[in-house]
Amino acid sequence: MTLKKTLTIAGSDTSGGAGIQADLKTFQEHGTYGMTALTVVATMDPDNNWSHGVYTLPIDVLKAQLKTALSVGIDAVKTGMLSTEDVIRTAGEGIRETGTDHVVIDPVMVCKGEDEVLNPGTVDAMIEYLLPLAEVVTPNLFEAGQLSGLGKLTTIDDMKKAAEKIHDLGSKNVVIKGGKQLQHDKAADLYYDGSKFLLLESEKQDTLYTHGAGCTFAAAITANLANGLGVEEAVVDAKKFVAAAIAHGWKLNQYVGPVLHGAKNQHGPAEVTVTDI
Ligand code: PXL
């Protein structure tokens, strides 16, 4: 049996719901062979309200991991938390060397709830080194506002404008995640392929247990692309996967509730409607 090989260049979320842990679990659920190049280790302090520590690995350690992965060969690659400009540039170089077009950039700038760019300079570096390589980029509202330069986005019209700008920066397809901040009665994401806009909608879940949803969505898209789906199909199927994962999110402790990465395969996909807008 030959499995498709999927690589995540991302951080470790020690709590297991997001980061490379989410990516590997999601790759597994899609029947791809998951590989990792670790950028940072994120820790959470139970004595300090679960506040995050982010420890960037030496750049040579990232380069050595990329060399390993490249020697094996990669069918699709995604990025997650990239903490410095140096890490972003190195990730971009690694992605180019994979030779695959199946590149999913999840431009992680914040961990949930914290409206703060991870590191000054990383937005510009993502625009310079990663967006031109992207088959799909998956910003949330905040990240789309940063990448597009449009600032705070609140409506689906704002999302359309941002998607056009981000497409102009080189990403062939743009998926903006509406999330909780979007004023809309459904859980809505916007897909733009350079010519048409699709609104992907699922039922809004009244849950706090959404940790890792963004990583899981991007990883599902990556695995679907590796498995040969077209981009639109890969994105719609990934939303069915992540919406099911959110519907079955669960409480890990008093601070965090991760999505259930295996929910689609255990309980079935969530319903998603697709509308041309
Ligand atoms: O959900 C964003 C994210 C990505 N990557 C890592 C994280 C987090 C949030 O906690 O820890 C490693």
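These are my notebook entries on a predicted model of a single chain, going from the whole fold to single residues.

**Entry 1. The chain as a whole**

I began with the secondary structure and found that it comes to nine helices and 10 strands. I then looked up the radius of gyration, which is 17 Å, close to the 19 Å that the globule rule gives for 277 residues, so the chain is as compact as a globular protein of that length. The C-alpha trace spans about 45 × 45 × 45 Å along its principal axes. Of the 277 residues, 53% count as buried, and the chain exposes about 12200 Å², of which carbon and sulfur atoms supply 48%. I also looked at how contacts are distributed along the sequence: among those with a separation of 6 or more, residues 24 or more positions apart account for 68%.

**Entry 2. The sheet and its edges**

In what order do the strands lie in the sheet? I read it as E3-E2-E1-E4-E5-E6-E7-E8-E9-E10, an open sheet of 10 strands with mixed pairing. The edges are E3 and strand E10 (273-276), and each has a single partner strand, so one side of each is left without a neighbour in the sheet.

Further along the order I checked strand E7 (residues 173-177) and strand E8 (residues 187-192), which run antiparallel and are joined by four bridges. Here Val174 has Tyr192 in E8 as its bridge partner.

**Entry 3. The hairpin at E2 and E3**

I followed the edge strand E3 (residues 51-56) back to its partner, strand E2 (residues 33-45), and found the two paired in the antiparallel sense over six bridges. One pair I noted is Met44 with its bridge partner His52 in E3. The two strands form a hairpin with five residues between them, and I stopped at two of the residues in this loop.

Asn49 is in the loop between E2 and E3, and its phi is positive, about 55 degrees, although it is not a glycine. Trp50 is in that loop between E2 and E3 as well, again with a positive phi, of about 65 degrees, and again not a glycine. I marked both since most residues other than glycine have a negative phi. Is each of them buried or exposed? Asn49 has 62% relative accessibility, and because that is over the 50% cut-off it counts as exposed. Trp50 has 16%, which is under the 20% cut-off, so it counts as buried.

**Entry 4. Strand E4 and its two partners**

Next I turned to strand E4 (residues 76-79), which is covered on both faces: Ala76 and Lys78 are buried on one side, and Val77 and Thr79 are buried on the other. This division fits the rule that side chains in a regular strand alternate between the two faces of the sheet.

Which strands does E4 pair with? Strand E1 (residues 5-13) pairs with E4 in the parallel sense over four bridges, with Thr8 standing opposite Lys78. Strand E5 (residues 103-105) pairs with E4 in the parallel sense over three bridges, and there Thr79 stands opposite Ile105. The chain crosses from E4 through H3 to E5, and I recorded this β-α-β crossover as right-handed.

**Entry 5. Gly94 in the crossover helix**

Within helix H3 (residues 85-98) I looked up Gly94. Its relative accessible area is 7%, under the 20% cut-off, so it is buried. Leaving aside its neighbours within four places in sequence, I found Gly94 in contact with Leu66 and Leu70. I also took its C-alpha distance to Lys63, which is 8.0 Å although the two residues are 31 apart in sequence.

**Entry 6. The nonpolar cores**

Last, I looked for nonpolar cores, bearing in mind that in soluble globular proteins nonpolar side chains tend to be buried together. The largest has 42 residues, and those with the most contacts inside it are Leu7, Ile9, Ile95, Leu147 and Ile176. Helix H6 (residues 156-168) gives the largest share of this core, five residues. Apart from this core lies another, of 23 residues, among them Ala234, Val236, Val242 and Ile246.

I then took Ile176 by itself, leaving aside its neighbours within four places in sequence, and asked what it is in contact with. The list is Pro139, Asn140, Leu141, Ala144, Met159, Ala162, Ala163, Asp189 and Leu190.

Methods
Residues are numbered from 1 along each chain as its sequence is written. This is a predicted model: local features need pLDDT of at least 70, side-chain atom pairs count only at pLDDT 80 or more; totals for chains, interfaces and linings use all residues. Side-chain values use heavy atoms; hydrogens and water are left out. Two strands pair if DSSP finds at least two bridges between them. Buried means under 20% relative accessible area, exposed over 50%, partly exposed in between (1.4 Å probe, protein chains only). Contact means heavy atoms within 4.5 Å. A crossover is right-handed if, with the strands pointing away from the viewer, the path from the first strand over the helix to the second runs clockwise. A nonpolar core is a set of buried Ala, Val, Leu, Ile, Met, Phe, Trp, Tyr and Cys residues joined through side-chain atoms within 4.5 Å. The radius of gyration is taken over C-alpha atoms; the globule rule is 2.2 Å times the number of residues to the power 0.38. Accessible areas come from the Shrake-Rupley method with a 1.4 Å probe; for residues, only the protein chains shown count as cover.
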